[in-house]
Amino acid sequence: MADGADGCPAGREPGSEPGDEFEIVDRSQVPGPSELRAATRPRAAAEGWSAPILTLARRATGNLSASYGSALRAAAGHGGADGSARAASKCQMMEERANLMHMMKLSIKVLLQSALSLGRSLDADHAPLQQFFVVMEHCLKHGLKVKKSFIGQNKSFFGPLELVEKLCPEASDIATSVRNLPELKTAVGRGRAWLYLALMQKKLADYLKVLIDNKHLLSEFYEPEALMMEEEGMVIVGLLVGLNVLDANLCLKGEDLDSQVGVIDFSLYLKDVQDLDGGKDCTVGDLQSKIDGLEKTNSKLQEELSAATDRICSLQEEQQQLREQNELIRERSEKSVEITKQDTKVELETYKQTRQGLDEMYSDVWKQLKEEKKIRLELEKELELQIGLKTEMEIAMKLLEKDTHEKQDTLVALRQQLEEVKAINLQMFHKVQTAESSLQQKNDTITSFEEKTSQAMSSMKQMEERLQNSERARQGAEERSHRLQQELGGRTDALQRQLSQLHEQCSSLEKELKSEKEQRQTLQRELQHEKDTSILLRTELQQVEGLKKELRELQDEKAELQKVCDEQEQALQEMGLHLSQSKLKMEDIKEVNKALKGHTWLKDDEATHCKQCEKEFSISRRKHHCRNCGHIFCNTCSSNELALPSYPKPVRVCDSCHTLLLQRCSSTGS
């Protein structure tokens, strides 16, 4: 069924109700198949390309005449005009649903066949795909209610498609993309864009199934007899599942979807008259519109024929003029041939004269060719050498990249070690401060204990002096008593009394001596206690000296760590300079060659000692690769730089390679 430019079926007004879409005619007024066949024979002779469409018209007329006759009989049985109109509209809607379903089957079949022949990848210019969208649009428009507003009547199938966004969250991306397209101004264009995107997602059948499963929501947009509300809608959804095997590549930018005309092209489906004998239902209005279109095309062809005859006449006149010009050109060519003959004679003589010179030139050129061949062989050898150097250069570039990555890792590790050393230095500084404060306190206690010991020693000296005085006094008394006994033998009584006095004095002195001894013992105990305390203080002093020694060791360790830190910072600076130089070298090497192949290049982890002096590597004694042999040396054994063929600038080489390369250069130079 063909549509007009406004997207509505032929014979239907844009704002008409579904029951008023076709005019009910008497069956006697409808031409039969034989009459149509007789009427179309003369035209078929003149217009053979329109035979499939007329065959479809015959089949559609037979089907429609039967359906309209039943509709008239049903209308005659009813008493009122409203009942007949409703019955006719239902019959008409049923016929339209059947026609649309058959057209959808045909369009999907043709689309799948063409896609399989083209490799299942389609674009927007594919004619069967465009016709599929037209048929799909008609299916969605069938039985669509007209919404009235202040602006006017609105009848668009984009409204039901917007429900899919609420029922299926996966379709929200399609709806937002359609709304964000600036070139779409109408709801029809948005609906067409929605169908394009759903087909590209391979979700068109799923989204329409969600709509049909919720018919209570579709009743707001469609009439009860619409295709989406009946069983034909589910059949069409089943047919759409087969399109999931296709890959559609549709570009919406630049497409004028608002003003496209949805007309079904039957020529895509009418391949054979025998295939159409199975019967595809059409409407009388569609056939009449097709006949009118064929008449218009016939008139256009006649006009084109008259224009073609005029053009033939003008071309004959031009042909006559060209014949006259051809005669003139032939005469001129004969004259030019005679002139060229004379010129060729002269050129032949000059050719004979120049041939001798050419022979001499040929011998010279042959000699030059031999020399060029020799040069070419030498150049090929040099090229092979350059290719070998190129591979070495590529390997060196890869190793240089690896070296830079490893050095960056070592930089990070050295920075972490530097921060740890700084934290250790800070802890040692705090420990030294606490040790100095405790040492100061212990020095103060030692001085106080020394003062106490000096006081105790002075008191002990005084007690010893008093004891010595008492002993001297006792000895003097004993001497005096002995002299008195000798001198005064007779004075025993007096002497005894004196002796008793002396005994008393002696006892008192003994008591004093005992008290002095007790005081001395107490002083000795105090002195012993002071000695013990002094010993403890001396041990603490020794501990303090040990702490001082540890402090000095820590200070020495701090100095060594500071030295290591300075060396590491210097090494970091050198490595930074080396990295910058290596990056420049890498850029130069990458410009020379990009492909890399294998070469013996020793890894940093495999070497722990210098290959030449066999000294162990450390932070101060760093590793350096020889760019010639690939082994790892220290700085002293690889301080030489030499220009290699694989490097544009002088690079680091070891001492042995340096001497070897210098000997090789001297031998090649000599």
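In this predicted model, K370 is found in helix α11, which covers residues 284-487. K370 comes out as partly exposed, with a relative accessible area of 47%. Together with K367, K373 and K374, K370 makes up a positive surface patch. Helix α11 also holds a salt bridge between R330 and E327, with the closest N and O atoms 2.9 Å apart. These two residues sit three apart in helix α11, so about one helical turn separates them. Both ends of this bridge have some access to the surface: R330 is partly exposed at 41% relative accessible area, and E327 is partly exposed at 42%. Another residue of helix α11 is E471, partly exposed with 36% relative accessibility. The C-alpha atoms of E471 and L509 lie 9.0 Å apart, while 38 residues separate the two along the chain.

Next comes helix α12, which spans 492-592. A negative surface patch is built from E550, E553, D556, E557 and E560. Of these, E560 is placed in helix α12 and counts as exposed, its relative accessibility being 53%. A salt bridge joins the side chains of E574 and R622, at 3.4 Å from N to O. This pair brings together distant parts of the chain, with E574 in helix α12 and R622 in the loop between α12 and β5, 48 residues apart. The two partners differ in their cover: E574 is partly exposed at 35% relative accessibility, whereas R622 is buried, with a relative accessible area of just 15%. The loop between α12 and β5 (624-625) also contains E614. E614 is exposed, at 61% relative accessible area, and has a positive phi of about 60° despite not being a glycine. That is worth a remark because most residues other than glycine have a negative phi.

A similar backbone setting turns up at K202, where phi is near 60°, again positive in a residue that is not glycine. K202 belongs to the loop between α7 and α8 and counts as partly exposed, with 30% relative accessibility.

The helices on either side of that loop take part in aromatic contacts. The model has three aromatic pairs. In one of them, the ring centres of F133 and Y196 are 4.4 Å apart and the planes meet at 35°, so the pair is classed as tilted. F133 is part of helix α4 (residues 127-141) and Y196 of helix α7 (residues 187-201), so the contact ties together parts that are 63 residues apart in sequence. Both F133 and Y196 are buried. Another pair is W194 with Y207: the centres are 5.8 Å apart and the planes are at 50°, so this pair is tilted too. Here the link runs from W194 in helix α7 to Y207 in helix α8 (residues 204-213), 13 residues apart. W194 and Y207 are likewise buried. Ring pairs also join F132, F133 and Y196 into a cluster.

As for charged contacts, the count comes to 13 salt bridges. Among them is the one between E165 and R179, whose closest N and O atoms are 2.9 Å apart. It links distant parts of the chain, since E165 sits in helix α5 (residues 158-167) and R179 in helix α6 (residues 172-179), 14 residues apart. E165 is partly exposed at 25% relative accessibility, and R179 is partly exposed as well, at 40%. Elsewhere, salt bridges connect E137, K141 and R192 into a network.

Technical notes:
Residues numbered from 1 in each chain as written. Predicted model: local features only at pLDDT ≥ 70, side-chain atom pairs only at ≥ 80, totals over all residues. Heavy atoms only, no water. Phe/Tyr/Trp six-rings, centres within 6.5 Å; stacked < 30°, edge-to-face > 60°. Helix = DSSP H or I, 4+ residues; strand = E, 2+ residues; numbered from the N terminus. Buried < 20%, exposed > 50% of the residue type's maximum accessible area, 1.4 Å probe, protein only. Patch = residues over 30% accessible without salt bridge, like charges linked within 9 Å, V, L, I, M, F, W, Y side chains within 5 Å. Areas by Shrake-Rupley, 256 points an atom, 1.4 Å probe, with all protein chains shown as cover. Salt bridge = Lys/Arg side-chain N within 4 Å of Asp/Glu carboxyl O. Lys, Arg positive; Asp, Glu negative; His and termini not counted. Charge placed at Lys NZ, Arg CZ, Asp CG, Glu CD.
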